[in-house]
Amino acid sequence: MNSPELTAPPGFRSGFVSLTGRPNVGKSTLLNQILDEHVSIVSNKAQTTRSDIKGVFTDDKNQIVFVDTPGISKPVSELGKSLNKSALGASDEVDLVCFVIDGNSGFGRGDRYVAAKLDPANTVCVLNKIDGVKPEKILAQLTELSELDFSSYYPVSAWTGKGVPDLLEHIKSRMPEGPLWFPREMKTDRGEGFRVAELVREQLLRVAEKELPHSIATRLVSWEWPRIKVEILVERESQKPIVIGKNGAVLKQVGINVRKKLDKGAYLELVVKVRKNWQEDADAISEFGY
Ligand SMILES: Nc1nc2c(ncn2[C@@H]2O[C@H](COP(=O)(O)OP(=O)(O)OP(=O)(O)O)[C@@H](O)[C@H]2O)c(=O)[nH]1
Ligand SMILES: [Mg+2]
């Protein structure tokens, strides 16, 4: 017998849905919009998401477990290989794939690379970022994309929410009958420690330029409320001063911004360390959970 909190009524539908696509198309933004909660960090830098993050949508009749995945691209590092593996593995194991495309920059080589790895019959094509895109351009893209024979097409703006309710209704209709996989009130499979480390990385990505975004890793060291200690790892000594800022200004601002999203009274300690070339170090990648 399931525990009462996992008992689903007759006719309940549930399943797993991956958010898949090249980096930066808005997969994590879409997840946050659907859940109305910031479960996955967002930035304008590629490969912000570094591991599969489950976000759970539940209503009276459905539970959809979304799997936010790292953006898929031709790998240039061990980290890149690991991210692709994680993303493609997730797309193989779900009931449905949402293939997300940036409708503003248009369907390009990077998207084709991903599309070639998907089963079109099991894929919903989501044309994102349609805010600010002319209707003629949206139509032209949908026409071009129709050649790929995906099972359905949804133009949306993950940012404003436009089109997202229709997409969600469609996803619900594609789910098989199934159990509650997670308790109704649960929104993500990740704990608070992961969330804080990710929020620190999200803030750092705002100020990071060029190669630095890829060199930053964060992880929780200890949680003894109200003291939360997070380690920031970079790949070279020369990157340390950028992350710390003049007289610690960058770290200070990061701390202020993250604390706003934590329970009152949290004391956040941030430590910067060098882990040489960790992006090429398989042990370090798995140690950081990427
Ligand atoms: N204008 C607009 N911008 C969007 C929309 N959705 C996402 N963005 C922006 O696109 C950038 C990338 O968003 P993410 O959600 O981090 O993209 P992602 O696909 O998860 O990226 P990776 O995790 O790196 O693969 C951010 O700057 C977002 O604010 C949208 O609907 N409209
Ligand atoms: Mg993401």
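A nonpolar core is a set of buried Ala, Val, Leu, Ile, Met, Phe, Trp, Tyr and Cys residues joined through C-beta atoms within 7 Å. In this predicted model, the largest such core has 38 residues, and another core, of 22 residues, lies apart from it. The protein itself is divided into domain 1, spanning 4-173, and domain 2, spanning 192-287.

**Nonpolar cores**
- Within the largest core, the residues with the most contacts inside it are Leu-19, Phe-66, Cys-98, Phe-99, Val-100, Ile-101 and Val-126.
- Strand S4, which covers residues 96-102, gives the most to this core, contributing 5 residues.
- Leaving aside residues up to four places away in sequence, Val-126 touches Cys-98, Phe-99, Val-100 and Ile-101, and also Tyr-154, Val-156 and Leu-167.
- The other core, of 22 residues, includes Leu-199, Val-243, Val-254 and Val-258.
- As general background, nonpolar side chains in soluble globular proteins tend to be buried together.

**Domain arrangement**
- The C-alpha centres of domain 1 and domain 2 are 27 Å apart, and the contact between these domains takes 9 residues from domain 1 and 14 residues from domain 2.
- On the side of domain 1 that touches domain 2, the residues divide by class into 2 nonpolar, 5 polar and 2 charged.

**Surroundings of ligand 1**
- There are 23 residues around ligand 1, of which Gly-26, Ser-28, Thr-49, Gly-71 and Trp-159 come nearest.
- Helix H1, formed by residues 27-35, supplies the largest share of this shell, with 3 residues.
- By class, the shell around ligand 1 consists of 7 nonpolar, 13 polar and 3 charged residues.

Technical notes: Residues are numbered from 1 along each chain as its sequence is written. Chains are lettered from A and ligands numbered from 1 in the order in which they are written. This is a predicted model: local features need pLDDT of at least 70, side-chain atom pairs count only at pLDDT 80 or more; totals for chains, interfaces and linings use all residues. Domain bounds come from an automatic or database domain assignment. Two residues are in contact if their C-beta atoms, placed from the backbone, lie within 7 Å. Ala, Val, Leu, Ile, Met, Phe, Trp, Tyr, Cys and Pro count as nonpolar, Asp, Glu, Lys and Arg as charged, and the others, Gly among them, as polar. A residue is buried if 20 or more other C-beta atoms lie within 10 Å of its own, exposed if 12 or fewer, and partly exposed in between; C-beta atoms are placed from the backbone. Helices (H or I, at least four residues) and strands (E, at least two) are DSSP runs, numbered from the N terminus. A residue is near a molecule or strand if its C-beta atom, placed from the backbone, lies within 6 Å of it.
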